[in-house]
Amino acid sequence: MEPSLPAAISRDTLLLLEALAARGRRIITAESCTGGLLAAALTQPPGASEFVAGGFVTYSNAMKMRVLQVPQVLLDLRGAVSSEVAAAMADGAIATAPDADIAVSITGIAGPDGGSPEKPVGLVWFAVARKQQRTRTISARFSGDRTAIRMQAVNFAQNLVLENLPAD
């Protein structure tokens, strides 16, 4: 049985895939707190392989460093949930994927544990990288349980990519 995704994610997925198709673009994902949910959403519709290059699930810091080349100094100084690490994840993903035009990364605290006053549960950092362009980062605070936070992060990431797709 194929798992179903919430209607809002499915709708946003189709909008994003249509936009990628219209522009002849391909996407790659780099996910931490969402654990591959964005890649799963993007690859659920038939024909998605034309527009999705792949995805990385780098839940641990060791994987972020090994697979996406996130510098240990960033992790040590800023922590995994930071603008700098989100940018490094997206930059590492786009550099690794020769057939991707845009990368999106997600790193955050989905809870229920792991939060702090500086980085509370629900804080998620995102980055969008395009080849030969400046990487954009943004954070959001989501509420709800772990599942709700992760689903909101996937939805936010899809809309962020839509906003950052080049017009051509």
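Student: In this predicted model, which residue in β5 is the bridge partner of V128?
Tutor: Start with the strands. β4 covers residues 123-130 and β5 covers residues 136-141. The two pair in the antiparallel sense. Within β5, the bridge partner of V128 is R136.

Student: How many bridges link β4 and β5?
Tutor: The two strands form a hairpin, with five residues between them. Their pairing is antiparallel, and the count of bridges is six.

Student: What is the phi of Q132, and is the residue buried or exposed?
Tutor: Q132 sits in the loop between β4 and β5. Its phi is positive, near 60 degrees, in a residue other than glycine. The cut-off for exposed is over 50% relative accessible area. Q132 has 81% relative accessibility, so it counts as exposed.

Student: Where does Q69 lie, and what is its relative accessible area?
Tutor: Q69 also has a positive phi, about 60 degrees, although it is not a glycine. Its place is the loop between α3 (61-68) and α4 (72-78). Q69 is exposed, with a relative accessible area of 57%.

Student: Which residues does a cis peptide bond join?
Tutor: Look in the loop between β3 (102-108) and β4, where P112 is found. The omega to check is about 5 degrees. The cis bond joins G111 and P112.

Student: Which pattern does the protein follow along the sequence?
Tutor: The protein has six helices and five strands. Read in sequence order, the elements give α-β-α-β-α-α-α-β-β-β-α.

Student: Why is the protein called as compact as a globular protein of that length?
Tutor: Take the 168 residues and apply the globule rule, which gives 15 Å. The radius of gyration is close to that value, so the protein is as compact as a globular protein of that length. The radius of gyration itself is 15 Å.

Student: What does the C-alpha trace span along its principal axes?
Tutor: There are three axes to quote. The spans are about 40 × 35 × 30 Å.

Student: What share of the contacts with a separation of 6 or more comes from residues 24 or more positions apart?
Tutor: Burial first: of the 168 residues, 49% count as buried. Now the contacts with a separation of 6 or more. Residues 24 or more positions apart account for 64% of them.

Student: How much of the accessible surface belongs to carbon and sulfur atoms?
Tutor: The accessible surface of the protein comes to about 8200 Å². Carbon and sulfur atoms hold 53%.

Student: How many residues of α5 are buried?
Tutor: Helix α5 covers residues 83-96. It reaches 20 Å from its first C-alpha to its last, close to the 20 Å expected at 1.5 Å a residue. The buried set includes S83, V85, M89 and I94. The helix is mostly covered, and the buried count is 10 of its 14 residues.

Student: Which residues does A86 touch, not counting residues up to four places away in sequence?
Tutor: A86 is found in α5. It is buried, with a relative accessible area of 0%. Its C-alpha is separated by 8.9 Å from that of A30, 56 residues apart along the chain. The residues A86 touches are S105, T107, W125, F126 and A127.

Student: With which residues is T13 in contact, leaving aside its neighbours within four places in sequence?
Tutor: T13 is in helix α1 (residues 7-23). The residue is buried, at 2% relative accessible area. Its contacts are A41, L42, P45 and Q158.

Student: What distance separates the end C-alpha atoms of α6?
Tutor: Helix α6 covers residues 146-164. Its buried residues include I149, M151, Q158 and N164. At 1.5 Å a residue, 19 residues should span 27 Å. The end C-alpha atoms agree with that, at 27 Å.

Student: Which residues does UniProt list for "domain: CinA C-terminal", and how far apart are the end C-alpha atoms?
Tutor: The name comes from an unreviewed UniProt entry, which lists residues 16-164. This span is 42% helix and 21% strand. Its end C-alpha atoms lie apart by 11 Å.

Terms used. Residues are numbered from 1 along each chain as its sequence is written. This is a predicted model: local features need pLDDT of at least 70, side-chain atom pairs count only at pLDDT 80 or more; totals for chains, interfaces and linings use all residues. Side-chain values use heavy atoms; hydrogens and water are left out. Two strands pair if DSSP finds at least two bridges between them. Helices (H or I, at least four residues) and strands (E, at least two) are DSSP runs, numbered from the N terminus. UniProt positions are given in the numbering used here, feature names are shortened, and annotations may be inferred rather than shown by experiment. The radius of gyration is taken over C-alpha atoms; the globule rule is 2.2 Å times the number of residues to the power 0.38. Buried means under 20% relative accessible area, exposed over 50%, partly exposed in between (1.4 Å probe, protein chains only). Contact means heavy atoms within 4.5 Å. Accessible areas come from the Shrake-Rupley method with a 1.4 Å probe; for residues, only the protein chains shown count as cover. The expected span of a helix is 1.5 Å times one less than its number of residues.
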